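Thanks for coming, everyone. Please bring the structure up on your screens, and we will walk through it together.

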Amino acid sequence: MGTSGFQHLFRALAQLPLSADEIACLRDWLAALEAPGRCLALIEQAKGRCPCPHCGNARCHRSGHANGLQRYRCIACHHSFNALTGTPLARLRHRDKWLSYFQCLIESRTVRAAAERVAVAKSTSFRWRHRFVAAVRREEPPTLKGIVEADETYVLESQKGSRHLDRPARKRGGTATCRGISQQHECVLVARDRGKTTHAFHAGQGEPDAERLLHYLKPVLACDALLVSDGAAAYPRFAKLAGISHRAINVRGGEHARGAIHVNGVNGWHSRFKTWLRVFCGVASRYLANYAGWQMVLDAAALIIPEHWLRAAVAPRQQERPQYLR
């Protein structure tokens with residue numbers, strides 16, 4: 001369209017009595033025109049020049065473009081790659097809708113609501129949810145220091161979405177067949193220091209023992225940290241094995257705080273997590289780690305706009321801990 005044609009169209013639009021809904025549709029249409037280029041520019045900017053994801057060699061040269069992204073070719077192994085290779089966002093399409101979908105994650109929309117908002121299929125919405133959350137939560141929170149509270153919360157085991165159940169189906173989630181915490185409950189282990197840095201882990205089923213605590217908590221605790229827990233017997237054994245200081249508070253006996261010794265911070269995180277989880281009407285146990293990671297990102301309030309989420313999703317990682325949130 002030439003300049004004169006655009007000016008004629010602009011004048012025609014200016015003379016129309018547009019309603020608020022029509023103005024909103026026009027704004028969304030303009031944003032959709034801008035989104036593809038803006039999304040690709042953010043990806044290139046956040047990733048920068050990175051080593052080959054196949055062999056780690058830093059010597060690479062430009063090798064054309066594909067789907068709007070610069071491609072590189074490694075001099076050592078001769079593989080080609082782009083800014084998304086090796087990330088959970090690799091090979092995903094409709095990049096012009098990614099920023100809108102990140103906004104749906106910020107607003108904690110359901111799969112169906114996000115699919116309607118972004119105009120994609122429900123299967124695409126589900127795939128994007130877990131790919132995007134997995135990409136963002138690769139950014140590992142720093143080591144927990146000072147007074148560190150640790151406690152676990154439990155979610156009933158769920159095989160939602162599975163085509164082959166290994167137990168009789170439960171109507172609308174159902175309840176456990178026995179009282180108390182059992183192997184029918186998924187354990188979400190949370191450690192949080194007084195600086196509000198949080199680590200969350202899907203720590204298997206049932207109550208964790210000292211060995212499981214050692215596996216998950218030892219790598220994220222500073223050597224001089226003071227661990228505070230409830231009266232569970234596994235924590236003193238873990239503290240002895242890990243060589244860290246430990247204090248326990250008798251929550252079951254009605255003791256809620258002893259000066260600075262309490263677990264109110266981590267219990268507050270549990271409450272917010274379970275309240276937020278109700279929006280999704282139950283989640284499958286195999287995706288529980290992703291939902292815990294999603295809540296960690298929202299609770300930290302560090303990524304508040306879609307551009308922040310996209311930069312965090314594609315930014316290069318120096319080191320990843322494989323057991324984190326597994």
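**A walk through the cores**

Let's start with the record. UniProt, in an unreviewed entry, lists residues 143–300 as "domain: ISXO2-like transposase". Keep in mind that what you see is a predicted model. In this model, the span 143–300 is 28% helix and 22% strand. Its end C-alpha atoms lie 15 Å apart.

Now go inside. The largest nonpolar core has 49 residues. Which of them touch the most other members? Look for Leu89, Trp98, Phe132 and Leu310. Several elements each supply at least two residues of this core. Among them are helices α2 (20–47), α5 (122–136) and α10 (306–314), along with strand β5 (185–193). The core also draws on two domains, with at least three residues from each. Those are domain 1 (18–137) and domain 2 (147–159 + 182–282).

Zoom in on Phe132. Leave aside its neighbours within four places in sequence. Phe132 is then in contact with Leu89, Leu92 and Trp98. Tyr101, Phe102 and Leu105 are in contact with Phe132 too. There is also a second, separate core, of 24 residues. That one includes Ala150, Leu217, Ala222 and Tyr235.

One last stop: Glu307. You will find Glu307 in helix α10. Is Glu307 buried or exposed? Its relative accessibility is 17%, and the cut-off for buried is under 20%, so Glu307 counts as buried. What is Glu307 in contact with, leaving aside neighbours within four places in sequence? Arg38, Leu42 and Leu99.

That's the tour. Over to you.

Definitions and conventions: Residues are numbered from 1 along each chain as its sequence is written. This is a predicted model: local features need pLDDT of at least 70, side-chain atom pairs count only at pLDDT 80 or more; totals for chains, interfaces and linings use all residues. Side-chain values use heavy atoms; hydrogens and water are left out. A nonpolar core is a set of buried Ala, Val, Leu, Ile, Met, Phe, Trp, Tyr and Cys residues joined through side-chain atoms within 4.5 Å. Buried means under 20% relative accessible area, exposed over 50%, partly exposed in between (1.4 Å probe, protein chains only). Helices (H or I, at least four residues) and strands (E, at least two) are DSSP runs, numbered from the N terminus. Domain bounds come from an automatic or database domain assignment. Contact means heavy atoms within 4.5 Å. UniProt positions are given in the numbering used here, feature names are shortened, and annotations may be inferred rather than shown by experiment.
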